[in-house]
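Q: Got a minute to go through a structure with me? I'd like to talk about helix packing and empty space.

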Amino acid sequence: IQVNLVDKHHRDRQSHEIALSVREPLQKIAAPFRANVKIVEVPPGPPVMAPLVAEVYGLDPAQQKDTAEQVAAVFRKTDGIVDVDTTLEAPQAKWQLVVDQGRAARLGVDQAVVVEAIDMAIRGNDLSFLHDPAAKYPLPIRTEFSAGDKADIETLRALRVRARNGALVPLADVTRLVETTRDQTLYHKDLLPVVYVTGDMAGDTDSPLYGMGGIWGGISELKMLDGKAPDQYLISQPDVANRPSLKWDGEWQITYETFRDMGAAYGVGLILIYLLVVAQFRSYGVPLIIMAPIPLTMIGIMPGHALLGAQFTATSMIGMIALAGIIVRNSILLVDFVRQETAAGLPLQEAVIQAAAVRTKPIVLTGLAAMAGAFFILDDPIFSGLAVSLIFGIFVSTLLTLFVIPVVYYAYHYQAEEKARREEA
């Protein structure tokens with residue numbers, strides 16, 4: 001059932017708060033009927049089967065089923081985990097009418113006639129059509145059991161079929177009833193049979209990764225038939241499923257891939273920035289001084305997220321990558337000014353002081369402009385992490401840059417000058 005909410009301007013609560021409030025009452029309604037009711041929100045990011053997904057592998061289906069049931073029990077015991085479910089299906093009764101071919105042959109009943117009669121009773125069959133000149137389409141004459149007769153297996157076995165000699169023979173005389181269970185759906189991933197255990201996280205933390213950490217500890221305490229806990233994998237599935245094991249998927253997999261790729265992009269960006277600054281200043285040491293404030297952004301980003309109670313998301317990582325370029329720009333302004341003044345004959349110490357005094361105003365103004373722009377997306381549910389990174393990262397790193405760059409640059413060149421004087425002496 002899909003429930004569409006009115007626009008957010010016409011309600012006091014966010015959609016996530018509404019979902020949290022209705023989950024428990026609906027599950028109480030379903031509990032007496034042994035039903036599983038889940039409240040699933042439309043994900044703002046890449047679609048996954050569920051926020052928490054455990055892929056259970058094993059040597060055979062019975063081992064997989066036993067492991068999946070124990071893992072699901074750990075899911076349910078962990079605080080904050082809701083909407084727990086598995087791809088295991090409840091046993092469903094299945095009745096088979098098996099034709100006694102020897103008896104059917106003696107009574108002159110063809111097996112095809114038996115199958116046709118059962119199919120007509122269960123699914124129905126159009127025997128003919130009524131043609132009305134006033135009707136656009138012919139009206140079919142359909143024969144089919146009623147819903148009550150379909151549910152009564154003995155009524156079906158009492159159905160008579162015509163033998164080759166014209167006699168009517170009840171199905172009970174040529175068939176026997178066999179009770180079995182329906183085959184369960186088999187799932188495979190990368191050619192390995194798998195059973196999925198799914199769940200969601202609700203509560204104060206609300207992040208599936210925190211719930212995954214709690215479940216990890218509970219699964220580590222399980223004892224399988226060999227006396228060991230199931231093997232747990234974070235990045236890839238097991239090469240050979242020769243014992244109980246599980247691989248974590250869901251939002252964890254998306255988070256891992258996102259931060260892995262963005263971390264690699266961050267590293268490539270830092271290397272390119274370094275090479276560009278080396279080409280500009282013709283030095284290998286000065287670019288390191290210019291890039292020194294980049295780690296200072298973390299002093300603002302992490303406490304900023306903690307202060308506002310925001311989660312560090314992929315957009316937060318995007319903001320951290322963007323800050324690398326912003327902070328390097330401020331450093332270049334300071335270093336370039338110092339180099340110009342020292343080239344004009346000003347002593348190094350005075351040039352450093354002048355750079356901090358003169359360049360403070362443009363650096364602060366550009367930082368405030370970037371922070372002001374980020375305030376407009378601070379309440380966005382997706383891009384709030386980007387805003388927090390920009391606001392707090394720019395604020396803290398800008399203030400520290402005005403102190404760190406002049407001091408480090410002066411210390412670097414002062415030592416070089418002192419070394420040159422000693423060599424001359």
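What follows is a chat about two helix pairs, a pocket and a cavity.

Q: Before we start, what kind of model is this?
A: It's a predicted model.

Q: OK, helices first. At what angle do H2 and H8 cross?
A: Roughly 135°, with the axes of H2 (residues 61-77) and H8 (residues 208-220) coming within 9 Å. That angle makes H2 oblique to H8.

Q: Is that crossing left-handed or right-handed?
A: Right-handed, as H2 passes H8.

Q: Which residues meet there?
A: From H2 you've got Val71, Val74 and Phe75, and they meet Ile215, Gly218 and Ile219 of H8. By class, the contact of H2 with H8 has five nonpolar residues, one polar and no charged.

Q: Now H11 and H12. How far apart are their axes?
A: 11 Å, and the angle is about 150°. H11 covers residues 297-308 and H12 covers residues 314-343. Since angles over 145 degrees count that way, H11 is roughly antiparallel to H12.

Q: And what's the handedness of the H11 and H12 crossing?
A: The crossing of H11 and H12 is right-handed. H11 brings Thr297, Met298, Ile301 and His305 to the contact, while H12 brings Ser316, Met320, Leu323 and Ile327. Those residues split into five nonpolar, three polar and no charged.

Q: Switching to empty space. How much of it lies in the second largest pocket?
A: About 560 Å³. The lining has 19 residues, and those nearest the centre are Asn36, Arg76, Val84, Asp85 and Thr86.

Q: Which elements give two or more residues to that lining?
A: H2 and strand S2 (81-86). S2 supplies the largest share of the lining, six residues.

Q: What's the residue mix in the lining of that second largest pocket?
A: Eight nonpolar, four polar and seven charged.

Q: How many cavities of 30 Å³ or more does the structure hold?
A: One. The largest cavity has a volume of about 40 Å³.

Q: What lines the largest cavity?
A: Leu334, Val335, Val338, Ala355, Ile405, Pro406 and Tyr409. H12 and helix H14 (384-424) are the elements that give two or more residues to this lining.

Q: And how does the lining of the largest cavity divide by class?
A: Seven nonpolar, no polar and no charged.

Conventions: Residues numbered from 1 in each chain as written. Predicted model: local features only at pLDDT ≥ 70, side-chain atom pairs only at ≥ 80, totals over all residues. Heavy atoms only, no water. Axes fitted to C-alpha atoms, helices over the stretch in contact; angles between N-to-C directions. Helix = DSSP H or I, 4+ residues; strand = E, 2+ residues; numbered from the N terminus. Parallel < 35°, antiparallel > 145°, perpendicular 65-115°, else oblique. Left-handed = near helix turned anticlockwise from the far one by under 90°. Contact = heavy atoms within 4.5 Å. Nonpolar A, V, L, I, M, F, W, Y, C, P; charged D, E, K, R; others polar. 1 Å grid on protein atoms, 1.4 Å probe; cavity = no way out; pocket = protein on both sides within 12 Å on 5 of 7 lines; lining within 4 Å. Points joined across faces, edges and corners; volume = space filled by probe spheres on them.
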